[in-house]
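Let's take a walk through this structure, going from the whole chain down to single residues. Have the viewer ready, since we'll be hopping around a bit.

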Amino acid sequence: MCGIIGYVGRRDALDVLVGGLNQLEYRGYDSAGVALANGADEGAGSDADGAATVDVDVVKRAGELSALEAALEERRPSGTTGIGHTRWSTHGPPTDANAHPHTDEDGRVAVVHNGIIENYDRLKDELLAEGHRFESDTDTEVVPHLIERELEAGAPPETAVRRALEQLSGSYAIAAVVAGTDAVYAARNDSPLVLGIGEDGYYLGSDVPAFLEHTARVVYLEDGEFVRLTPDSWTVTSPDGNPVEKQIDTVDWDLEDTGKSGYDHYMLKEINEQPHALRQCLSGRVDELEGRVELAELDALLQDPPEAVQFVACGTSYHAALYGARRFRDRGIPAQAFVASEYATEAPPTGDRLVIGVTQSGETADTLSALREAQSRGVETLAVTNVVGSTAARECDHAMYIRAGPEIGVAATKTFSSQLVALNLLVEAVANGSRSGDRAQSDRVRERLAALRELPGQVQQILDESNAVDVARTYLDSSGYFFIGRGYNYPVALEGALKFKEITYEHAEGFPAGELKHGTLALVTADTPVIAVVTGDDEIARKTVGNVKEVEARDAPVIAVTDGRSDVERYADEVLEIPEAHPVTMPLLANTQLQLVAYHVANELGRSIDKPRNLAKSVTVE
């Protein structure tokens, strides 16, 4: 949640900050602001004698980033040191006053913050008793006041910031600037923050895209580490002030990957990027001739494969985990999927299971808490994530990357597909390593691997031929939408409903097809389309067709997503076709059609597709 950008160097900081906020707006878009700590402009204040003040210059506005950009056209702060923020509201509604950066009373200190300060009520009461005045409803505002108190006690800026941070409880990534200095101070605790090493200065960001335009050299910060950036140097120290030697990594993302490339929306671009993303996920990992998956990054894990697994995940990643758990069970390995927020507060017995955290960003707070709960029990952990250097990747015993590339749209698309492919690879690697299969089993493995290799081309076929836009227009004004599926198609039905509600703001519900008759049929009418995922011609398909007949008998329109092998088309009003494929890969093809339906309905309704209301890309608070 929320996005931080910081810069200190030898160029105009405002351009860097605004550019970074544009790249981070997917993390929050309730309000935005910047603070410049040096320089002056014609709108800056002055004292009684007319001398320029040394206040930090802050401009912030409620609303999307465009509101801030409009304000900056009227008054443009200058300087080479600054911080910026785009907000997803947790404490206080999105107003100008609640927008970041927040300052102390004298305007000497400005702070931006991601996370939640759990003891802010006590700190605020303490500061109010001392005579401090507050302007916002946020938890963040206590921080500049704490820094102000330390400065007034005679502490130099860096010491003042450190002492303020020592008083905080909770999760945070914080960056601060102090008037009269050309430094940015920052620290993290349970909230992401990454440092960029450039030729013309140094950068801070909640995520690499914030400064990727300027440098691909990054330093990933750990919890408790403190950063001081000046125009000529950067230092990272431990909480007690000791220097920490950090590795500089180079990210392999192309800046062009973070743009729209001519598409109207990031989401549509990322839907269309799925064939490429899936090829990247598979590259170098599949040996079809030998019928083997090679995951070099998991060699240590695969030397002693787990006998059972537990998944922890949230949202879209939880749907991927449901699919992954079923794949493990089908290979004879006990597996369960848990909603991470529930697992973190009441974890089931783990035994010697491997706990797998599925998290696109690697920073999802609930998933990290669940993984840490597992680790506290001495359980081995694995992160399946998209982001190299993310907290989950660093903290888990093992990490497997889905290689989907940057995903900017809030609604996950190519990362979900890549998660499913990555989990297929993981299942085959673990199952083959822990069990000696017979010839028939080896042949079945080869079939599944061949099916995975065919996926990119099949997804491309759907993208080229889909009639989803026509279906979307036909059922645009419906009162509700139900998504059903069985077996491997059940998680895809859940994901289809989630995508639909995320970006259309219309009511949508996904569930196992067999559950229709246990309550939901009471809601089924001629104005509630039922989107049924029916693939293959086995017993599961026949049972799902039976459920379709139940809703057809109640006059509900039926939209069938099918490979044509069953007779569901006889009972459907609309058909979204997918190519015939292996049972384990057909759900990915069905998912592509469901993504397109959600996108086109949202587009026809004029919704904010890339920035749906109340949502943010990376949920870094519990």
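What follows starts with the overall build, moves to the core, and ends with some backbone oddities and a few residues along the way.

First, a heads-up: this is a predicted model. The protein chain carries 18 helices and 26 strands. Its radius of gyration is 26 Å, and the globule rule gives 25 Å for 622 residues, so the chain is as compact as a globular protein of that length. If you want box dimensions, the C-alpha trace spans about 85 × 55 × 45 Å along its principal axes.

How much of the chain is buried? Buried residues come to 60% of the 622. What does face outward adds up to about 23,300 Å², with carbon and sulfur atoms supplying 43% of that area. Contacts tell you about the fold, too: take those with a sequence separation of 6 or more, and 72% of them link residues 24 or more positions apart. As for charge, there are 55 positive and 102 negative ones, and the mean positions of the two sets sit 5 Å apart.

Now for the inside. In soluble globular proteins, nonpolar side chains tend to be buried together. Here the largest nonpolar core has 88 residues, and the members that touch the most others are Phe311, Phe328, Ile356, Leu382, Leu426 and Phe483. Zoom in on Phe483: leaving aside neighbours within four places in sequence, its contacts include Ala493, Ala497, Phe500, Phe511, Ile531 and Leu594. Glu509 is also on that contact list, as are Gly496 and Gly510.

Phe311 leads us to another spot, Ala337, which belongs to strand S18 (residues 335–339). Ala337 has a relative accessibility of 18%, and since buried means under 20%, that residue counts as buried. Beyond its neighbours within four places in sequence, Ala337 contacts Phe311, Tyr318, Ala321, Leu322 and Ala325. For a sense of scale, Ala337 and Lys499 are 162 residues apart in sequence and 20 Å apart in space, C-alpha to C-alpha.

Next, the backbone. Most residues other than glycine have a negative phi, and most peptide bonds are trans. Where does a cis peptide bond turn up? One joins His100 and Pro101, with omega at about 5°. Pro101 sits in the loop between strand S4 (81–87) and strand S5 (102–103).

Then there are the positive phi values. Asp190 isn't a glycine, yet its phi is about 65°. You'll find Asp190 in the loop between strand S8 (184–189) and strand S9 (194–197), and its 33% relative accessibility makes it partly exposed. Asp555 also has a positive phi, near 70°. This residue is in the loop between helix H17 (539–552) and strand S25 (558–562), and Asp555 counts as exposed because its relative accessible area is 56%, where the cut-off is over 50%.

Two last stops. Gly63 lies in the loop linking strand S3 (57–62) to helix H2 (65–74), and at 27% relative accessibility Gly63 is partly exposed. Gly63 is 53 residues from Ile116 in sequence and 21 Å from it in space, C-alpha to C-alpha. Ala129, in helix H3 (residues 120–129), is exposed at 70% relative accessibility. Between Ala129 and Glu465 there are 67 Å in space, C-alpha to C-alpha, with the two 336 residues apart in sequence.

Conventions. Residues numbered from 1 in each chain as written. Predicted model: local features only at pLDDT ≥ 70, side-chain atom pairs only at ≥ 80, totals over all residues. Heavy atoms only, no water. Helix = DSSP H or I, 4+ residues; strand = E, 2+ residues; numbered from the N terminus. Buried < 20%, exposed > 50% of the residue type's maximum accessible area, 1.4 Å probe, protein only. Rg over C-alpha atoms; globule rule 2.2 N^0.38 Å. Contact = heavy atoms within 4.5 Å. Areas by Shrake-Rupley, 256 points an atom, 1.4 Å probe, with all protein chains shown as cover. Lys, Arg positive; Asp, Glu negative; His and termini not counted. Charge placed at Lys NZ, Arg CZ, Asp CG, Glu CD. Core = buried A, V, L, I, M, F, W, Y, C linked by side-chain atoms within 4.5 Å.
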